[in-house]
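Colleague: I'm new to this one, so could you walk me through it while I look at the model?

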Amino acid sequence: RSFKELVKNGLVPDFFTLHSHQAKMLKAAVSGNNCIITSGTGSGKTESFLLPLFAQLTKELDSWEEPADRIPTQDSWWKERSLGGLTPSQIYDNSICSLNAATAQRSNEKRPAGVRALILYPMNALVEDQLTRLRKTLSSPEALQVLDQQANGNRIYFGRYTSKSPVTGFLNHPRLANDADEIKSRKKRVQKLKDQLTYSQKYYENAKKFDEKSENTSDKNQYLFPNVLGSELVSRWDMQETPPDILVTNTSMLSIMLSREVDQDVFENTKKWLMSDPDAYFYLVMDE
């Protein structure tokens with residue numbers, strides 16, 4: 001029930017009948033098989049690999065503990081101070097702010113964070129197209145309502161990790177924490193991220209208002225932008241600290257991540273999750 005309620009919001013509408021290759025893919029993939037699907041343009045290959053992935057994730061939802069209550073600042077650390085935001089210095093000063101800015105979206109969780117699915121594309125344009133689909137299915141008001149009811153308020157998180165993902169560098173450098181130049185650079189990085197998250201949310205909310213006034217109910221402009229308060233992890237620091245369930249990237253960026261110290265927690269946290277659960281499934285999707 002959870003699976004069907006979730007996918008009908010942005011992936012497979014109620015009135016849609018699966019194509020035979022989509023049904024075969026769903027059955028084969030959830031049975032643990034490695035699968036290859038080849039079909040024409042516009043034939044629904046994206047649904048073919050997302051359906052078994054969502055089926056596995058909704059199966060896992062039953063084991064996720066209910067999240068703790070959110071700390072008020074967690075939704076607003078990046079906003080203006082007059083609206084409850086924090087300064088760059090406060091964000092990494094644990095005596096003032098008990099949370100790491102990187103975990104602002106997920107610090108209330110009790111379930112292990114790790115990449116359940118890695119979706120690889122050859123270029124960024126295809127990554128952007130995939131994000132729109134994921135936003136509709138996992139971060140829409142309808143999807144969040146389903147997760148509130150069926151998953152104890154947990155979220156299925158996804159994130160885009162490409163050259164466009166803000167911001168580069170460490171939040172807290174492991175060897176230069178007290179270096180004067182590093183402290184100055186860190187404040188600039190935090191401020192840059194604050195600005196980008198603020199702009200992203202502004203664009204999303206403006207697009208949502210436009211959609212509410214529009215007579216066109218099928219194409220939603222709001223899903224062209226990330227909802228920073230939804231299920232999408234926008235910043236690199238978020239994804240490094242608590243890897244999203246679905247990580248979308250390209251082959252070049254993955255190669256860089258595998259060799260870079262700042263990204264190692266993405267793989268280490270995923271490894272810990274895989275080792276902690278004998279029923280864990282890791283999906284590797286190579287599209288196009």
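Colleague: Is Asn152 buried, exposed or partly exposed?
Modeller: This is a predicted model, and in it Asn152 counts as partly exposed, because its relative accessibility is 40%, which lies between the 20% and 50% limits.

Colleague: Where does Asn152 lie?
Modeller: Asn152 lies in the loop between α6, residues 141-150, and β2, and its phi is near 55°, a positive value in a residue other than glycine.

Colleague: Let me go to another loop, then: which peptide bond is cis?
Modeller: The bond from Pro166 to Val167 is cis, with omega near -15°, and Val167 belongs to the loop that runs between β2 (158-160) and α7 (180-213).

Colleague: Changing topic to empty space, how many cavities of 30 Å³ or more does a search of the whole structure find?
Modeller: The search finds 2 of them, and the second largest holds about 30 Å³ of space.

Colleague: And what lines the second largest cavity?
Modeller: Its lining is made by Arg135, Ser139, Tyr204, Tyr223, Phe225, Asn227 and Glu232, which divide into 3 nonpolar, 2 polar and 2 charged residues.

Colleague: What about open space, I mean, what volume does the largest pocket have?
Modeller: The largest pocket has a volume of about 620 Å³, and of the 21 residues that line it, Met25, Asn34, Cys35, Leu284 and Val285 are the closest to its centre.

Colleague: Which helices and strands each supply at least two residues of that lining?
Modeller: Those are α2 (20-30), α3 (45-61) and β5, while by type the lining of the largest pocket divides into 14 nonpolar, 4 polar and 3 charged residues.

Colleague: You mentioned Leu284, so where is that residue found, and how accessible is it?
Modeller: Leu284 is found in strand β5, residues 283-286, and it counts as partly exposed because its relative accessibility is 47%.

Colleague: Which residues make the nonpolar surface patch with Leu284?
Modeller: Leu274, Phe282 and Met286 make the patch together with Leu284, and its area is about 400 Å², so Leu284 belongs both to this patch and to the residues closest to the centre of the largest pocket.

Colleague: Last one, back to α2: is Lys24 buried or exposed?
Modeller: Lys24, which has its place in helix α2, is exposed, because its relative accessible area is 62%, above the 50% limit.

Colleague: How far apart are Lys24 and Ser48?
Modeller: Lys24 and Ser48 are 24 residues apart in sequence, and their C-alpha atoms are 8.6 Å apart in space.

How values were computed: Residues numbered from 1 in each chain as written. Predicted model: local features only at pLDDT ≥ 70, side-chain atom pairs only at ≥ 80, totals over all residues. Heavy atoms only, no water. Patch = residues over 30% accessible without salt bridge, like charges linked within 9 Å, V, L, I, M, F, W, Y side chains within 5 Å. Areas by Shrake-Rupley, 256 points an atom, 1.4 Å probe, with all protein chains shown as cover. Salt bridge = Lys/Arg side-chain N within 4 Å of Asp/Glu carboxyl O. Helix = DSSP H or I, 4+ residues; strand = E, 2+ residues; numbered from the N terminus. Buried < 20%, exposed > 50% of the residue type's maximum accessible area, 1.4 Å probe, protein only. 1 Å grid on protein atoms, 1.4 Å probe; cavity = no way out; pocket = protein on both sides within 12 Å on 5 of 7 lines; lining within 4 Å. Points joined across faces, edges and corners; volume = space filled by probe spheres on them. Nonpolar A, V, L, I, M, F, W, Y, C, P; charged D, E, K, R; others polar.
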